[in-house]
Amino acid sequence: MTEQPPVNPHLDDDMWFNQVSPGPSRYQGRTEKPVQYFAVVGKRDGVVLGYVWAGDEDDAAAWEPRQAAGPRALMEGSGWFHRLEEAKGRGILPSQALAELLADPEGNRGRALPGSLAEAPTLAVVKALAGPYGPVRMVHPVHYVTVSAPDGEVIGYVWGDATAVGWIQRAASSRSAYRAGAEWARKADDARQRGLAPVAVLTELSREPYVGPVTGAPGTAAIQELARTVTPADDRRLLAQLRQDDHAAWRELADAVEALTDEDRNIQWGGGHKQANGVYQWPYPIYSKPLLRAVTALSGVGAVTPEHRWTAGEVPEVPPGGRMHPADAVRAATAVVIAERPCEGTIAEAVEIGLFDAVAESLRGWYAAAGTELAPDPPPR
């Protein structure tokens, strides 16, 4: 008698099963690790339909539809999903699959946007791009990246919110940094013109050398406050403009300032009256020769320098104690002297409020503290 296999009492006599083959291999659909992604846009209208993303660390890749694009985004995704499945079936890394898709960028009714390949610190950034309220929905209302020069000087900040991208130049930056800032502003604008959402612009720029990570901020006011920061390096750069070894120039500054009298500081104004031809003459300050000599002496020691962009910030004030930082003295001297040409009277105001004397005293103190004595007068011939 042939032994029958045991019967499972929990199964009905008429129940049976078919063996089902496993489905196609797929990359993981979630990750908390960094990802790469590119945008897919409509072939006719250029509207962003969604994003294809990939991350090797969790073997993950998928299509993220842009919700604002509606059913078009869902229909477009089927083609990209199938291509990702095929790539997974061949056993290649998600990043390799992403590169293949970019090399053959045509989708159903969309195509990969040229130049849109970017990196994101997490998948949440990509999901934010595709969010229901437009291109960005993130925790902070504003995000930014810090742009620096190769020597570490902070040039400025590229910021982005839900709809806009902007550039904020750091006020105390050097001339070279200011020129570089114009290039960074252009880069941000070019990325935006390619159709990238603001946070995608920041993510793309964060991959550039000397650019910091994407950081959140409560608003642009916070970034503007960062841009007003003055660093010790800024002070050192301005003090390096002073001609420390030009003893004759420092002697001239000392003599010119000490020669000033109360009468020189009591500046009178001319003009301001109606002339015979009926034209009113614009008021102008009348500076004495000794005061003009002292002004010229400030330039002679290097305190008036184009290295300080005087239009980018306010003129330093005299501290309550009356003693200015030497670098602030350079800033004030530059602003007061250069601004006199387009706006007559800035020197008069500086003299009246004590700023001019505070500048001269601070600079002379710096020169003395540098361990350099005034050069003696040359011997008579």
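Welcome to this structure, which is a predicted model. A good place to start is where two helices meet: L291, A294, V295 and L298 in α10 are in contact with F356, V359 and L363 in α13. From there we can look at how these helices are set against each other, move on to the nonpolar cores, and finish with three strands.

**How α10 and α13 pack**
- The axes of α10 and α13 lie 12 Å apart, and the two helices pack at an angle of about 45 degrees.
- An angle that is neither under 35 degrees, nor over 145, nor within 65 to 115 counts as oblique, and α10 and α13 are therefore oblique to each other.
- Their crossing, that of α10 and α13, is left-handed.

**The largest nonpolar core**
- The largest nonpolar core holds 39 residues, and those touching the most other members are L242, W250, L298, F356, V359 and L363.
- Two or more residues of this core come from each of α7 (232-239), α8 (247-258), α10 (289-300), α11 (326-339), α12 (346-352) and α13 (355-369).
- Helix α13 gives the largest share of this core, with eight residues.
- For a closer look at one member, take L363: leaving aside neighbours within four places in sequence, L363 is in contact with L242, W250, L298, A303, P326, A329 and V330.

**Another core**
- Apart from the largest core lies another one of 34 residues, including A118, V145, I155 and W184.
- As background, nonpolar side chains tend to be buried together in soluble globular proteins.

**Strand β7 and its partners**
- Is strand β7 (residues 154-160) largely enclosed or largely open? Six of its seven residues are buried, so β7 is largely enclosed by the rest of the structure.
- On one pairing, β7 joins strand β6 (residues 142-148) in the antiparallel sense, over six bridges.
- Within that pairing, Y157 in β7 stands opposite T146.
- Five residues lie between the strands in the hairpin of β6 and β7, and here G152 takes a positive phi near 95 degrees.
- Strand β7 also pairs with β8 (residues 165-169), again in the antiparallel sense, over five bridges.
- The bridge partner of G160 is V165, in β8.
- Four residues make up the link in the hairpin that joins β7 to β8.

Conventions
Residues are numbered from 1 along each chain as its sequence is written. This is a predicted model: local features need pLDDT of at least 70, side-chain atom pairs count only at pLDDT 80 or more; totals for chains, interfaces and linings use all residues. Side-chain values use heavy atoms; hydrogens and water are left out. Buried means under 20% relative accessible area, exposed over 50%, partly exposed in between (1.4 Å probe, protein chains only). Two strands pair if DSSP finds at least two bridges between them. A nonpolar core is a set of buried Ala, Val, Leu, Ile, Met, Phe, Trp, Tyr and Cys residues joined through side-chain atoms within 4.5 Å. Contact means heavy atoms within 4.5 Å. Axes are lines fitted to C-alpha atoms, for helices over the stretch in contact, and angles run from 0 to 180 degrees between N-to-C directions. A crossing is left-handed if the near helix is turned anticlockwise from the far one by less than a right angle, and right-handed if clockwise.
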